[in-house]
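Welcome! Please take a moment to look over the sequence and the 3D view before reading on.

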Amino acid sequence: MASQLIETAMLLDGVELPYPPSVNHYWKSGRDRSGRPMRYLSTAAKDFKRVVGLLCGRKQAFSGRVGVKVLVWTPDRRMRDLDNLLKGLLDSIAGAGVILDDCQVDEIHMRREGNHKGGRVQIWVWAL
């Protein structure tokens, strides 16, 4: 018997966002001043997080468990892995103060909708 999750509050209701950088382009590797390896956000990731903050920013992040639905319009017809978009997207909504951390996500629905010039995503986040 499957458990049923009850939606209690909508945190984001179909917010349209630009197409996120894939996880393959979200992080960069380099070395710090002492030569030790380090990872840092790419310029594309920083730009995406800034836009998500402007479109989704909240004064107080929700601290409970959440569900997420994402509709994706890719920028072209090339083969793409949807799961490569998810990490950066969830990281960005946490950075925007919608949730505290992406470990709060208990339910994910994601679907490719087709193509759109430049690409875009639409996201819903609700409290469980």
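Here is a short tour, from the whole chain down to single residues. Keep in mind that this is a predicted model. The chain holds three helices and six strands, and 40% of its 128 residues are buried.

**Overall layout**

- Reading from the N terminus, you meet the elements in the order β-α-β-β-α-β-α-β-β.
- The C-alpha trace spans about 50 × 35 × 35 Å along its principal axes.
- If you look at contacts with a separation of 6 or more, 80% of them link residues 24 or more positions apart.

**Surface and charge**

- The accessible surface of the chain adds up to about 8,000 Å², and carbon and sulfur atoms account for 50% of that area.
- Among the side chains, 20 are positive and 14 are negative.
- The centres of these two sets of charges are 7 Å apart.

**The nonpolar core**

- The largest nonpolar core contains 26 residues.
- Ile 93, Val 98, Ile 123 and Val 125 have the most contacts inside this core.
- At least two core residues come from each of β1 (9–18), α2 (43–56), β4 (66–74), α3 (83–95) and β6 (120–127).
- Helix α3 is the one that gives the most, with six residues.
- Try finding Val 125 in the view: leaving aside neighbours within four places in sequence, its contacts include Leu 11, Leu 12, Val 66, Val 68, Ile 93, Val 98 and Ile 99.

**A buried threonine**

- Is Thr 74 buried or exposed? Thr 74 counts as buried, because its relative accessibility is 3%, under the 20% cut-off.
- You can find Thr 74 in strand β4.
- Not counting residues up to four places away in sequence, Thr 74 touches Tyr 19, Arg 80, Arg 112, Gly 114, Asn 115, His 116 and Gly 119.

**The cysteines**

- A disulfide is a covalent bond between the sulfur atoms of two cysteines.
- How many disulfides does this model have? The count is zero.
- Why does Cys 56 form no such bond? The closest cysteine sulfur, in Cys 103, is 19 Å from the sulfur of Cys 56, so the two are too far apart for a bond, given that a disulfide needs sulfur atoms within 2.5 Å.
- Likewise, Cys 103 is in no disulfide, and the nearest cysteine sulfur to it is that of Cys 56.
- Cys 56 is also buried, with a relative accessible area of 3%.

Methods
Residues numbered from 1 in each chain as written. Predicted model: local features only at pLDDT ≥ 70, side-chain atom pairs only at ≥ 80, totals over all residues. Heavy atoms only, no water. Buried < 20%, exposed > 50% of the residue type's maximum accessible area, 1.4 Å probe, protein only. Helix = DSSP H or I, 4+ residues; strand = E, 2+ residues; numbered from the N terminus. Contact = heavy atoms within 4.5 Å. Areas by Shrake-Rupley, 256 points an atom, 1.4 Å probe, with all protein chains shown as cover. Lys, Arg positive; Asp, Glu negative; His and termini not counted. Charge placed at Lys NZ, Arg CZ, Asp CG, Glu CD. Core = buried A, V, L, I, M, F, W, Y, C linked by side-chain atoms within 4.5 Å.
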